[in-house]
Amino acid sequence: IKVSQQLGRSPSAFIPLEEILQGGVESSLRQLLIEAFVSAGRVDNITMVMGLHPQYLSSFWKTQYLLLRMDGPLPYHKRHYIAIMAAARHQCSYLVGLHMGEFLRAGGNPAWLQGLHCAPQKLRNLNEINKLLAHRPWLITKDHIEALLKTGENSWSLAELVQALVLLTHYHSLASFVFGCGINPEEDQDGGQSSQPPSPHGDSSPPSDGSVGGSGGKDAMQEVEMLMEKMKLLQENQLEEEGVTQEEMETRFELEKTESLLVTPSGLALSGVTLHPSQPLRCYLLDIAEHSLQSNVLCFVEDPEFGYKDFTRRGEQAPPTFRAQDYTWEDHGYSLINRLYPDVGQLLDEKFQVVYNLTYNTIAMHCGVDTSMLRRAIWNYVHCVFGIRYDDYDYGEVNQLLERSLKIYIKTVACYPEKTTKRMYAQFWRHFKHSEKVHINLLLLEARMQAALLYALRAVTRYMT
């Protein structure tokens, strides 16, 4: 089967078509795309872009297939409705449109698609936990779990709820991937669902040269060399350093967390006051236009103003620190899911492992590089903006390895993906390959999903004990 890209345009607004097709020549990937085509009759744009990393795509796919198509406590049409609710929190019309179609194919009632107010009360009861998981997962308590499980005609069973929590976190983080990689709508998604470009706050002017590598060729080269140099120094220091005190480690985490509050999509911060993406009037007009375009998405959202909490005033509480050691995925989350939703625990674990360990030992034009330090810095920075701290990690490394434009990109994609722009994508790691930037997005997707799941599962555990 020839997986045709009749489009003539790239699956991504950020990545040239030939880069994606070039990456797609490997036989393992071709096999995967053929399977996708046979099972769904199409290869969607997410699959095309993820296909730059076939090993990950395979693992992602098995998980998503199990969540949506295999036996489980929730009926199929409700699973798609939950996907719609999750994607709508980030105004991700691409995923909302996709799952509206799937919802109808699974025999869902078309009336529910008029908005959340038309869905059964049981599904509407998920609204609060959907909102918290998407934007401020640290606020989830065992009371939220209890409220959903309490007896009554609209109560959830524990098994159903765990499936719903996995679906919600899966689609929140998939929305991050869609915006972070600038995924274009499918050709056949009807105009209404997803016709607007993935980046609503469009920088109408992409970077001057249009390519990633070219912008300021010499500077971009220097960025790569500096990063290599820093990694080498940190590795040497680790061998020499006698070990930093626990207090010092804690201070470095708190510093990083506080600093991350000043990282906003506009990259602007005044002393102690984080400006909300200061947009000129033109952007506000765009916003208004976008909101009317988005009414088909907003009808699934209650309390649309609720978002990731950026702490604007000094002294206001950042997310309370969640010490990773107290509730880890390996020791706690994984075994709880495995008890309540057996196969999915296994697949999620595999997916986290695959992405965390994925490496080709290259950085830009350098081969034979150990990138584990860089991958860990990205993963831990995502967890840091969600308030999760690893006692044994030196957060000084995050500051050394992640330049400011990369931090802005990571935080935007992880916390308010709908604000991601092509310019942000183009401005970090200007000499790196697109596949390396997609790799970062996979790390973001999984780190974000794991962070939200840890908060949710910790609440379930507290409810159960």
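Which residues is His80 in contact with, leaving aside its neighbours within four places in sequence? The first legend answers this, and the others visit further corners of this predicted model. Residues are numbered from 1 along each chain as its sequence is written, local features need pLDDT of at least 70, side-chain atom pairs count only at pLDDT 80 or more, totals for chains, interfaces and linings use all residues, and side-chain values use heavy atoms, with hydrogens and water left out.

**View 1. His80 and its contacts.**
His80 is found in helix 5; helices are DSSP runs of H or I with at least four residues, strands are runs of E with at least two, and both are numbered from the N terminus. Leaving aside its neighbours within four places in sequence, His80 touches Leu68, Arg69, His99, Glu102, Phe103 and Ala106, where contact means heavy atoms within 4.5 Å. With a relative accessible area of 2%, His80 is buried. Here buried means under 20% relative accessible area, exposed over 50% and partly exposed in between, with a 1.4 Å probe and protein chains only.

**View 2. The whole protein, for orientation.**
The protein has 22 helices and six strands. Of its 465 residues, 55% count as buried. Among contacts with a separation of 6 or more, 76% are accounted for by residues 24 or more positions apart.

**View 3. Helix 20 against helix 22.**
Two packed helices are described by the angle between their axes and the distance between the axes. For helix 20 (residues 404-415) and helix 22 (residues 434-464), the axes come within 10 Å and cross at roughly 45°. The axes are lines fitted to C-alpha atoms, for helices over the stretch in contact, and the angles run from 0 to 180 degrees between N-to-C directions. That crossing makes helix 20 oblique to helix 22; angles under 35 degrees count as roughly parallel, over 145 as roughly antiparallel, 65 to 115 as roughly perpendicular, and the rest as oblique. The crossing of helix 20 and helix 22 is right-handed, meaning that the near helix is turned clockwise from the far one by less than a right angle, whereas an anticlockwise turn would be left-handed. Helix 20 brings Leu406, Tyr409, Ile410, Val413 and Ala414 to the contact, and helix 22 brings Ile440, Asn441, Leu444 and Arg448. By class, the residues of this contact are seven nonpolar, one polar and one charged. Ala, Val, Leu, Ile, Met, Phe, Trp, Tyr, Cys and Pro count as nonpolar, Asp, Glu, Lys and Arg as charged, and the others, Gly among them, as polar.

**View 4. Helix 20 along its length.**
Helix 20 is mostly covered, with 10 of its 12 residues buried. Among the buried ones are Lys407, Ile408, Lys411, Thr412 and Cys415. At 1.5 Å a residue, its 12 residues should span 16 Å, which agrees with the 16 Å between its end C-alpha atoms; the expected span is 1.5 Å times one less than the number of residues.

**View 5. Helix 9 meets helix 22.**
The axes of helix 9 (residues 142-149) and helix 22 come within 8 Å and cross at roughly 70°. That makes helix 9 roughly perpendicular to helix 22. On the helix 9 side the contact is made by Lys142, Ile145, Glu146 and Leu149, and on the helix 22 side by Ala456, Ala459, Val460, Arg462 and Tyr463. This contact of helix 9 with helix 22 has six nonpolar, no polar and three charged residues.

**View 6. His439 in helix 22.**
His439 has its place in helix 22 and counts as buried at 10% relative accessibility. Leaving aside neighbours within four places in sequence, His439 is in contact with His53, Val355, Leu358 and Arg375.

**View 7. Backbone with positive phi.**
Most residues other than glycine have a negative phi. Gln91 has a positive phi of about 50° although it is not a glycine, and it sits in the loop between helix 5 (76-89) and helix 6. At 19% relative accessibility, Gln91 counts as buried. Ala364, also not a glycine, has a positive phi of about 50°. Ala364 lies in the loop between strand 4 (362-363) and strand 5 (366-367) and is buried, with a relative accessible area of 7%.

**View 8. Helix 10 and the residue Gly182.**
In helix 10 (residues 158-180), the 23 residues should span 33 Å at 1.5 Å a residue, and the end C-alpha atoms are 33 Å apart, which agrees. Helix 10 is largely enclosed by the rest of the structure, because 21 of its 23 residues are buried. Just after helix 10, Gly182 takes a positive phi of about 60°.
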